[in-house]
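Student: I've got a protein open on my screen and I'd like to learn how to read it. Can we go through it together?

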Amino acid sequence: MVSASIILTTYNRKDLLEEMVSNIQSQIFQNYELIIVNDGSTDGTDQWLIDNCESNSNIRIVNKENGGISSARNAGIDVAKGDYILFVDDDDDIPTTFLSNFFNCQKREYDLIVDSYSHKADNKKPTLISFPECEVTGNKDILDYFFHNLKNKPFPYFVYAKLFKRSLIVNNHIRFRPDICLGEDRCFVLDYLQYCNSLKFINTHSYTVRERSNQNYRLSQGTRKPANYFWRNFDLSYDYLVEYSTKMGMPIIARYANNYLAEKLYYYILVPYSQGKYERSAINKIMPSVQQKLENLKLRDIKSSEMRLIIGLFRSNPRIAVSLLKYRMKLSKLIK
């Protein structure tokens, strides 16, 4: 019988951890190991794990120094023994059928199974994020499907709600990049897809991503992030995507990369800065790197006319671009 390794990373969320652990222990499919990676928590998580999990033969505990979610997931992969690997976050939610939904489909031994999921913000009604139910075979066809058919779907590159074959991860030395802690899932999934030849989409929405406004930001290292933190992650991710496009011989990925960089720069740096959320000195530190990267950005690839205008102006006169963003609502109406 096939087995699963569930990798659960946690950092300073002892109060939420109990619910996810309980949900996993209640699974209908029971041939699993739960690997809990404690990423240097300081809230008593280590003692909670000793008191509640250490005696359970299905649970393995990995305590490590704080290094961020990428290094925590890598630590889980390093000790995993199951035929398949799944990743869960400590503050999300799964039903008792979460594992069985995947393994009921696994008679063909797909390299990857992707489930649709739900997104729940605070106490609001969950939003269903649905992917078309289908099967795709062939390495290039799978990549093409992701970048063509899922281009308008939110977050298809997140690692949750996916069943990965451990042998593909181990044999091809696929790991999360520790230097990328924002959108780190994308690099991992794309690295995996290079070796993936059979893919199945299911549509159970078993995994619920929870967003709590009163909880810390979903990163292991701190809460409030400065502009240079965001830019460093976006810069590295963009370089990765461009290199990946060249390696796979797929121009569509390069176009995706240009849109990715434009969107992230716009929403995470330029708009917040125009609203006074970043100090000028912080923006000045990253400006040379931003300008250099944007010189090679192909404006024709950017779908949003508003972003095209702002980024085009930003190349020649950043001050004017930022000034326009102060009147963003008027700008949007003017362009439309």
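Tutor: Sure, and let's start with a term: a crossing is left-handed if the near helix is turned anticlockwise from the far one by less than a right angle, and right-handed if clockwise. Keep in mind that this is a predicted model.

Student: Which hand does the crossing of α9 and α10 have?

Tutor: Find α9 at residues 251–274 and α10 at residues 280–295. Put one in front of the other and apply the rule for near and far helices. The crossing of these two comes out left-handed.

Student: How do α9 and α10 run relative to each other, roughly parallel or roughly antiparallel?

Tutor: Their axes are 12 Å apart, and the packing angle is about 160 degrees. Angles over 145 degrees count as roughly antiparallel. That's why α9 is, relative to α10, roughly antiparallel.

Student: What kinds of residues make the contact of α9 with α10?

Tutor: From α9 come L261, L265, I269 and Y273. On the α10 side you'll find R280, I283, I286, V290, K293 and L294. Sorted by type, that contact has no polar residues, two charged and eight nonpolar.

Student: What radius of gyration does the protein have?

Tutor: The chain has 336 residues, so a compact globule would be expected near 20 Å. The model's value agrees with that: it is 21 Å.

Student: Where does pLDDT stay under 50?

Tutor: Overall, the mean pLDDT is 89, and 93% of residues reach 70 or more. One stretch has pLDDT under 50, though the model still gives it 25 contacts beyond four places in sequence. Look at residues 217–223.

Definitions and conventions:
Residues numbered from 1 in each chain as written. Predicted model: local features only at pLDDT ≥ 70, side-chain atom pairs only at ≥ 80, totals over all residues. Heavy atoms only, no water. Axes fitted to C-alpha atoms, helices over the stretch in contact; angles between N-to-C directions. Helix = DSSP H or I, 4+ residues; strand = E, 2+ residues; numbered from the N terminus. Parallel < 35°, antiparallel > 145°, perpendicular 65-115°, else oblique. Contact = heavy atoms within 4.5 Å. Nonpolar A, V, L, I, M, F, W, Y, C, P; charged D, E, K, R; others polar. pLDDT = per-residue confidence, 0-100. Rg over C-alpha atoms; globule rule 2.2 N^0.38 Å.
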